[in-house]
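Reader: I am in my first year and still learning how to read a protein model. Could you take me slowly through a single part of this one, and then show me what else there is to look at?

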Amino acid sequence: MSAAGVTVLVDLRDGRLPAIVHWGAELPGLDAAEAEALADAAEPVLGSNNVEPVPRPSVLPEHHLGWTGRPGIRGSYQGRGWSPFFRTTVVRVNGEPVDGFVASGPGVLEVTATDGDRLGLTVVLELLPSGLLRANATLTNHADDTYQLDDLVLAFPAPAEAAELLDFGGRHNFERRPQRRPLTTGTHLRENRKGRTGADSAYLLHAGTPGFGFADGAIWAVHTAWSGNHTHYAERVFTGEQVLGGGELLLPGEVRLGAGESYRSPWLYGAFGTGLDEVARRFHRHLRAREPRVSPDRPVTLNVWEAVYFEHDLDRLLDLAERAAAAGVERYVLDDGWFGSRRNDHAGLGDWVVSADVWPRGLHPLIDRVRKLGMQFGLWFEPEMVNPDSDLARAHPEWIMAARDEWPVESRHQQVLNLGLPEAYEHVKGQILAILDEYDIGYVKWDHNRDLIEAGTQPLGGRPGVHEQTLAFYRLLDEIRAAHPGLEIESCSSGGARVDLGVLERTDRVWVSDNIDPHDRQSMLRWTTQLVPPEYLGAHIASGASHTTGRRHDLGFRAATAIFGHLGIEWDLAKATEAESRELAGWIAFFKEHRGLLLGGDLVRMDTADPNVLVHGVVSPDHDHALFALVTLDSVAPDPPGRLRLRGLDPARRYRIRPRFVGAAQSAPSHGTGAGFGTGPAWWGAANEGVTLSGAALEHAGLAFPRIRPDQAVLCSVDALGATPKE
């Protein structure tokens with residue numbers, strides 16, 4: 001299969017499970033003879049003290065062939081049948097049975113195999129039009145005895161030159177921190193047991209040529225598209241073979257297959273590319289092809305959380321709505337505190353009924369005014385969680401997930417509602433739908449604020465329930481969206497703790513972090529885009545003093561950071577000065593003017609010598625227009641930094657590049673001292689008209705970098721001569 005510059009060659013000879021001979025750069029014109037010759041030529045040479053033939057791992061690595069790395073399947077019939085031996089019975093390509101060589105573009109390979117009369121297996125390999133490779137497997141028990149499945153992971157090969165790893169760590173309020181290390185003999189295993197993706201998730205596991213960057217180096221990467229417990233791993237065995245893999249992490253006894261029952265693994269996605277930007281763009285193109293599509297024309301959003309917290313006062317909220325509409329906001333979101341006894345985070349969670357005490361006329365007065373002001377209305381929910389001090393917990397303590405008679409340790413004064421129980425599931429679904437049926441709500445912020453610890457099902461003796469909880473969460477999203485097809489849903493989970501392709505099949509936005517400090521958000525936005533395109537990233541203009549870190553930043557830096565995602569505001573606008581209100585309106589107008597480019601362009605991140613100097617931007621698919629941000633996070637040496645170089649443009653075309661200043665606070669004279677900046681270079685021009693250069697010159701020769709003070713950003717627009725004007 002070949003697509004978007006990638007070829008995947010799969011060997012299924014002799015009844016074996018699919019083994020990938022080549023996954024990487026396109027092999028044009030590959031025919032049956034060459035494919036067979038390549039498969040034969042790639043057979044490993046027998047070394048000292050090896051099994052014969054030397055095992056070449058399949059997509060589901062098999063222990064019985066002599067593979068000493070992680071096996072694809074671990075499980076047994078009470079200790080028997082623990083090393084299955086699968087033989088292929090049927091091979092289909094794009095739904096049609098085949099017996100012989102097949103060459104296709106993007107396509108689906110489906111392989112059916114059996115382990116005698118006990119286990120059945122279906123492995124699906126799909127090469128998507130974006131060049132992404134993905135795989136999953138379905139295991140079926142054909143025996144009368146119960147089969148306990150302990151692990152099912154898939155793996156893709158990585159060549160020997162992929163000797164450096166990059167994945168991510170992090171924590172609440174500081175998500176997606178990159179970490180690198182060599183790939184050596186053994187297993188680099190990232191296990192997530194939080195019951196959600198996690199702020200410290202591996203996110204994407206890359207293996208590449210040492211020193212790979214945003215533009216350079218061959219890179220192979222995998223992502224497990226699952227929102228519950230999961231694994232990512234990279235492994236090199238003693239023979240030198242390397243794989244990248246992942247799957248769902250199953251708790252003991254969580255999946256027990258009776259006769260005729262099946263388990264399907266989540267998708268494991270793989271991306272090959274030259275440089276991190278090409279890997280990222282493959283994922284972006286995949287998500288941008290999703291149905292329903294997330295349009296770049298996304299409404300500017302105000303969330304009231306950091307303005308009012310739990311103090312819901314109608315007059316104050318109406319005033320915020322008026323100020324938001326005057327600034328150009330297009331969506332207004334009421335956050336936590338509107339329901340039950342929820343006056344703080346100690347009580348009421350799980351009682352999804354509008355509080356009569358705070359809202360005696362319901363939410364209608366607020367929603368009606370918001371809609372008359374021309375804005376959409378959004379509402380916060382946390383459907384999977386419950387406070388012990390709630391009507392729900394008092395009425396149904398057995399609906400709370402627990403591994404024993406007492407409840408698990410608390411986190412944020414919360415426990416977890418067991419959506420795997422049909423009664424609990426129907427209760428919470430009914431309450432949510434009742435709210436959505438009564439009110440004109442176009443957007444839901446769906447939160448999930450604690451890890452799943454000892455997440456068992458009490459009616460079943462505390463058996464693990466994370467697998468069923470995750471499936472129930474997906475089903476709940478699907479059913480709510482089916483009932484309200486136009487509804488948009490944001491995945492929020494203590495900020496960015498549930499960001500993965502499983503949840504993004506069903507939601508339209510992710511909350512990158514509860515930390516909106518632009519200094520920290522620069523890094524978090526930079527690396528969250530390794531998987532997720534900008535239009536999915538909730539990026540808000542924060543208060544002048546960060547509620548999370550206490551740092552203070554001017555509005556220019558806060559806004560110049562936030563416009564490279566789905567723009568929003570999380571700020572008490574009643575406290576903004578007249579000058580700040582005017583400047584905010586200017587930034588919102590600038591975002592709307594460039595929204596199609598900012599949220600629909602191709603991501604470009606430049607490699608820089610100093611980690612405190614960031615250069616990133618977006619380029620239109622036709623290479624007509626681009627917008628870049630030049631950012632300094634701390635004092636730098638040398639000052640100013642080395643030359644500014646910009647990638648992603650057409651090398652043969654000529655472009656006008658110029659600085660863009662938004663609002664009075666960002667007015668800056670050329671090559672003088674700009675407010676908050678430092679010194680501008682001569683190429684800015686006398687009236688900031690910029691300079692005209694070819695795309696090749698901008699990439700390879702570059703321009704003088706301006707002096708930019710710490711925690712400041714300068715925007716530059718790049719427009720091709722003769723190009724169609726922007727919308």
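Reader: How many of the six residues of strand β23 (residues 376–381) are buried?

Author: Please keep in mind from the start that this is a predicted model. In strand β23, which covers residues 376–381, five of the six residues are buried, and the strand can therefore be described as mostly covered, where buried means under 20% relative accessible area.

The partners of this strand are a good place to continue. Strand β22 (residues 331–334) pairs with β23 in the parallel sense, and four bridges join the two. β23 also pairs with strand β26 (residues 443–446), again in the parallel sense and over four bridges. One residue of β23 helps to tie this picture together, since Leu-379 stands opposite Leu-334 and also has Val-444 in β26 as a bridge partner. The route from β22 to β23 includes a helix, for β22, helix α5 (residues 364–372) and β23 make a β-α-β unit, and this unit is right-handed.

A general point is useful when you look at any strand on the screen: in a regular strand the side chains alternate between the two faces of the sheet.

With that in mind, you can turn to another sheet, an open one of three strands, whose order is β1-β2-β3 and whose pairing is antiparallel. Here β1 (2–3) and β3 stand at the edges with a single partner strand each, so that one side of each is left without a neighbour in the sheet. β1 and β2 run antiparallel and are joined by two bridges, and in one of the pairings Ser-2 has Thr-7 of β2 as its bridge partner.

Two strands of this sheet also appear in the walls of pockets. The largest pocket holds about 740 Å³ of space, and its lining has 30 residues, with Leu-9, Val-10, Gly-100, Phe-101 and Val-102 lying nearest its centre. The elements that give two or more residues to this lining are β2 (6–11), α1 (32–41) and β5 (87–93), and the largest share, five residues, comes from β2. By kind, the lining of the largest pocket has 19 nonpolar, six polar and five charged residues.

β3, in turn, belongs to the story of the second largest pocket, whose volume is about 500 Å³. Of the 25 residues that line this second pocket, Val-21, Pro-157, Ala-158, Pro-159 and Glu-241 lie nearest its centre. At least two lining residues come from each of β3 (19–25), β10 (147–157) and β17 (242–249), and β3 gives the most, with seven residues. The lining of the second largest pocket divides into 17 nonpolar, five polar and three charged residues.

For a helix to set beside these strands, you could choose α8 (residues 466–483), which has 18 residues and reaches 26 Å from its first C-alpha to its last, close to the 26 Å expected at 1.5 Å a residue. Its buried residues include Val-466, Gln-469, Thr-470, Phe-473, Leu-476, Leu-477 and Ile-480. An α-helix has 3.6 residues a turn, so residues three or four places apart point the same way.

Finally, there are spaces of another kind to find, as the structure holds five cavities of 30 Å³ or more. The largest cavity has a volume of about 130 Å³, and among the residues that line it are Gln-522, Leu-525, Phe-564, Leu-603 and His-616. The lining of this cavity takes at least two residues from each of α9 (518–528), β33 (602–605) and β34 (613–619), and it divides into five nonpolar, five polar and two charged residues.

Key:
Residues are numbered from 1 along each chain as its sequence is written. This is a predicted model: local features need pLDDT of at least 70, side-chain atom pairs count only at pLDDT 80 or more; totals for chains, interfaces and linings use all residues. Side-chain values use heavy atoms; hydrogens and water are left out. On a 1 Å grid over the protein atoms alone, a cavity is a set of points where a 1.4 Å probe fits but cannot get out, and a pocket is an open set with protein on both sides within 12 Å along at least five of seven lines; lining residues have an atom within 4 Å of a point. Grid points are joined across faces, edges and corners, and a volume is the space filled by probe spheres set on the points. Ala, Val, Leu, Ile, Met, Phe, Trp, Tyr, Cys and Pro count as nonpolar, Asp, Glu, Lys and Arg as charged, and the others, Gly among them, as polar. The expected span of a helix is 1.5 Å times one less than its number of residues. Buried means under 20% relative accessible area, exposed over 50%, partly exposed in between (1.4 Å probe, protein chains only). Two strands pair if DSSP finds at least two bridges between them. A crossover is right-handed if, with the strands pointing away from the viewer, the path from the first strand over the helix to the second runs clockwise.
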